[in-house]
Every structure is written in structure tokens, then in C-alpha cells.
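Colleague: I'm new to this one, so could you walk me through it? I'd like to know what lies behind the terms you use.

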Amino acid sequence: MSPVIALHPQTSACADLPVLRERGQREVFCGLTGIIWLHRKIQDAFFLVVGSRTCAHLLQSAAGVMIFAEPRFATAIIDERDLAGLADANEELDRVVTRLLERRPEIKLLFLVGSCPSEVIKLDLSRAATRLSTQFSPQVRVLNYSGSGIETTFTQGEDACLAALVPELPPALQEGQAAQSLLVVGTLADVVEDQFARLLQQLGVPFAFFPPRRAGQMPAIGPGTRYLLAQPFLADTARALEARGASHLPAPFPLGVEGTTAWLWAAAQAFGVSKQRFDEVTAAPRERAQAALGKQRAHLSGKSVFFFPDSQLEIPLARFLSRELGMRLTEVGTPYLHRQHLAQELAWLPAGVQLSEGQHVEQQIDRCRSSRPDIVVCGLGLANPLEAEGMTTKWAIELVFTPIQGYEQAADLAELFSRPLNRRMRLAA
Ligand code: SF4
């Protein structure tokens, strides 16, 4: 029989603690980066960035060039003639889209993704999407969202993409009754999604994932939909879902054993699953994950960690590192602090932790230098200079690309932090 773990453990007063709000220079990727994991998830979608050569370079270098497969993203490059207003960018865009859809009949969903250059020349991609949707319907739906780097951080690209998809979801009304179902919201690696699907099936919870793997599998939504966020950076998507009648299930995020258990329990409770059944279903993966985490705890306990604001995963990650691995939090920075979605995470942080929202990069680097943490979680642009100063770093973006949610991934997530520390120790020996 499983050890019953506390589902409402002691909380700190952290939810009420003041937050250092900063506004200054930021070091983040733009929302185009989200295409890298979104194009893998929705397998018959295509992402056409309307941007510059810089945008194309960002995507190519971040995603790599796909040699063997037809890529599912591209950049329609706005050149000097478009910027000078000498060419009709709309006509050019229509030509590019027509050629693309003729060549690639398997595309069912096309996203026109806005960028800084398309916004600067005020190219109205929403009108373009409506026009092209009418032309290519019903074979292809054309939607648009912005991935521009103006006032965004990179995970907002996924939020904007999913928010654009919400109005496309079919209504969940059956014979006048709203169907009760769970919607898991946020891109998860397929391996993680399969594990959660098995657990939810065993619990008897009716569920769907959003985004789905194919454009034709859009989940139905309505007043009976309870949505559970799998990612903490989906504020706009959540608002759009609520406008369609769905209601939010408050929960921590499924990182680590504790977060995964509380996340699944929120779903189980909402659908009337007994605590006994819940323990029966989750006991074995929970025990396996706890055993695997024990080995990592030996490496990480007592080590200090400093978070620069980057992926918006910082607060759930900090909670996991502190509570399940015994790490010390020197500063936890996040680009945006959504108090409602993060309420349970904030309550699980240790009292007195330094939280910061937004960024003033020079000031934050000064604080990082003076606290000399054992490991720093930061963007790519900061990692090399900090390594050169003798600090050990972890790229925040890697935590978004890697499957880290759920029981089976808990130890892998811990290892992402222990590996660079071990490497540094070996180099110093
Ligand atoms: S969208 Fe803006 S920030 Fe992003 S690559 Fe293009 S120009 Fe750069």
C-alpha cells in the first residue's frame, strides 16, 4: 500500500511577501522561440513567420535545420522594398501562402506569426489571416498571432498561439447539456502527455489535451470544461478559455513528485475521485520517483540557486528545488508574476525568499555576483559571461525544451541541475 502523502502541506506566508519590481534592460528571447516546440506538437500545422532575416536566423539557429523532413516553419522575409512601402506586402504574402499550400497539401492549420518588423510596418496579419482563411477554407484554417520581441519573453509565444486557437475550439454542448470534462492546457512533450493520459484514464477522469497533436482533434469546450494549466505562462489563453465558459482548477504545476501529485489531485477531486483510488493509482510512480530523487538530493541539498527572469517556470522550479531537493533560493526572478495562477506555488516557497518581477539586468547581475550562488539559472546571453566569472549556469530555455513534468521525469529534472554542478566540481578538482 502506498505511503499517503500530505496533499495540503504546511505553507509559508510567502504569497504575501513583497516582490522587488524592476524595469530596465532585459535579456530574453522573443516569442518566435515557441515555434520550436509548438511545431513538433501540432503535427499538421505550419508556422509562417512574417519577419526579417534576423527572425529567420533566430529560428534556424534555435531549431536547427531539418535535413531529412519537410520543415513545418519558415520565414517570409520582409525586405527593404516592403519596409519602404514600395511593395504591397499583402500581395506578396498571399503569393507566398498560395505557393506553400499548393506544395504542402498536408498542412491543415497555418499560423501567420507576426514579428517586430511586421509590427513596425503595421502589416495587419489578422486581416490577412481572415482573407486567406476564406480563400483556403475548409482544407486549411489560417490564424495569426504575434511572436514579436517587443515587451515579451519567449514563452509568451505559446500563450499567444494557444489564445489564437481558443475561438476555433468547437462548443461542448450535447443535447443542451454542458459536458463535464478536464482540459489539460499547455504544450507537454508526447512522452509526458502519454504518462498523464494513462494516470487520468486510471482515475476515470474524462480529459483532453490542448494543444492537440493534430488540427482535426481540437477539444470541445464549454461551461462544463474545467481546465488545468500544465504550464505557468498561459495567462491570455486562460482568459480566452474563461470567455468560452471554462473554469480554472487551481493547482501547483506538475514539477517534481509533490507538484505532480497535487496537480493530479486537483483534477481527481474535481471529478469526484476518492482519495483511496487516487493513492492506488499514483502510489507506484510516486514511490519510484521519490527513490530516484533521493540520489539527486545527495548532490543538491544545501546548494544555492539564483534565478534570472526568463522562462516563467522559475517559481515552480524554485519550489521543487527548495522543497524536494533541499536547495537554498538566493533570488527567484520571473518576467511576470501571475499571482492567481501561481498562488499555490507561492505559498510553498520558503518564508523570506527574495522574489523579483521584471528585469534590470545590470542590477540583477550585481546581486548575483554578491550572493555567489552555486548555480545560476539564466538566458543564453548571460550564461557564458557568468561562466567566465567562475559561476555555474543552467540555460533556462533548456528547461522548456526538455520533458520535465510528471513522476517519471522528476529525477531527470533534478539531474539538469546536478550535472553542471558535478562538471564544475570535476573541473576544479
Ligand atoms: S521578432 Fe523581433 S526580437 Fe524576434 S527575432 Fe524577429 S526582430 Fe528579433
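Colleague: What makes up the shell around the ligand by class: how many nonpolar, polar and charged residues are there?

Modeller: Keep in mind that this is a predicted model. The shell has five nonpolar residues, seven polar ones and no charged ones. Its members include Cys 30, Leu 32, Cys 55, Leu 58 and Cys 116, and since Cys and Leu both count as nonpolar, these belong to that class. Gly counts as polar, so Gly 51, Gly 147 and Gly 149 go with the polar residues.

Colleague: Which helix gives the most to that shell?

Modeller: That's helix α2, residues 53–63, with three residues. Among the residues around the ligand are Thr 54, Cys 55 and Leu 58, and their numbers fall within 53–63.

Colleague: How do you know that β8 and β9 pair?

Modeller: Two strands need at least two bridges to count as paired. Strand β8 (residues 181–185) and strand β9 (residues 207–210) have four bridges, in the parallel sense, so they pass. You can look at Leu 183 opposite Ala 208, and Val 185 opposite Phe 210.

Colleague: How does the chain get from β8 to β9, and what is the hand of the crossover?

Modeller: After β8 and its parallel pairing with β9, look at the link: the chain goes through helix α8 (residues 190–203), and the β-α-β crossover is right-handed.

Colleague: Why are β9 and β11 said to stand at the edges?

Modeller: The open sheet has four strands, ordered β9-β8-β10-β11, with parallel pairing. β9 and β11 (247–248) each have a single partner strand, so one side of each has no neighbour in the sheet.

Colleague: Where are the cis peptide bonds you marked?

Modeller: One runs from Ser 137 to Pro 138, with omega near 5 degrees. Pro 138 sits in the loop between α6 (125–136) and β5 (141–146). Another joins Phe 210 and Pro 211, where omega is about 10 degrees. Pro 211 is in the loop between β9 and β10 (225–229).

Colleague: What makes Lys 122 worth marking?

Modeller: Lys 122 has a positive phi, near 55 degrees, though the residue is not glycine. Lys 122 lies in the loop between α5 (116–120) and α6.

Colleague: How is the protein divided into domains?

Modeller: Into domain 1 (14–26 + 289–428), domain 2 (31–152) and domain 3 (173–277). The C-alpha centres of domain 1 and domain 2 are 33 Å apart.

Colleague: Which residues have pLDDT under 50?

Modeller: Residues 1–13 do, and the model has 16 contacts for them beyond four places in sequence. Where pLDDT is low, the predicted coordinates should not be read in detail. The protein averages a pLDDT of 90, and 92% of the residues score at least 70.

Key:
Residues are numbered from 1 along each chain as its sequence is written. This is a predicted model: local features need pLDDT of at least 70, side-chain atom pairs count only at pLDDT 80 or more; totals for chains, interfaces and linings use all residues. A residue is near a molecule or strand if its C-beta atom, placed from the backbone, lies within 6 Å of it. Helices (H or I, at least four residues) and strands (E, at least two) are DSSP runs, numbered from the N terminus. A crossover is right-handed if, with the strands pointing away from the viewer, the path from the first strand over the helix to the second runs clockwise. Domain bounds come from an automatic or database domain assignment. pLDDT is the predictor's confidence in each residue, from 0 to 100. Two residues are in contact if their C-beta atoms, placed from the backbone, lie within 7 Å.
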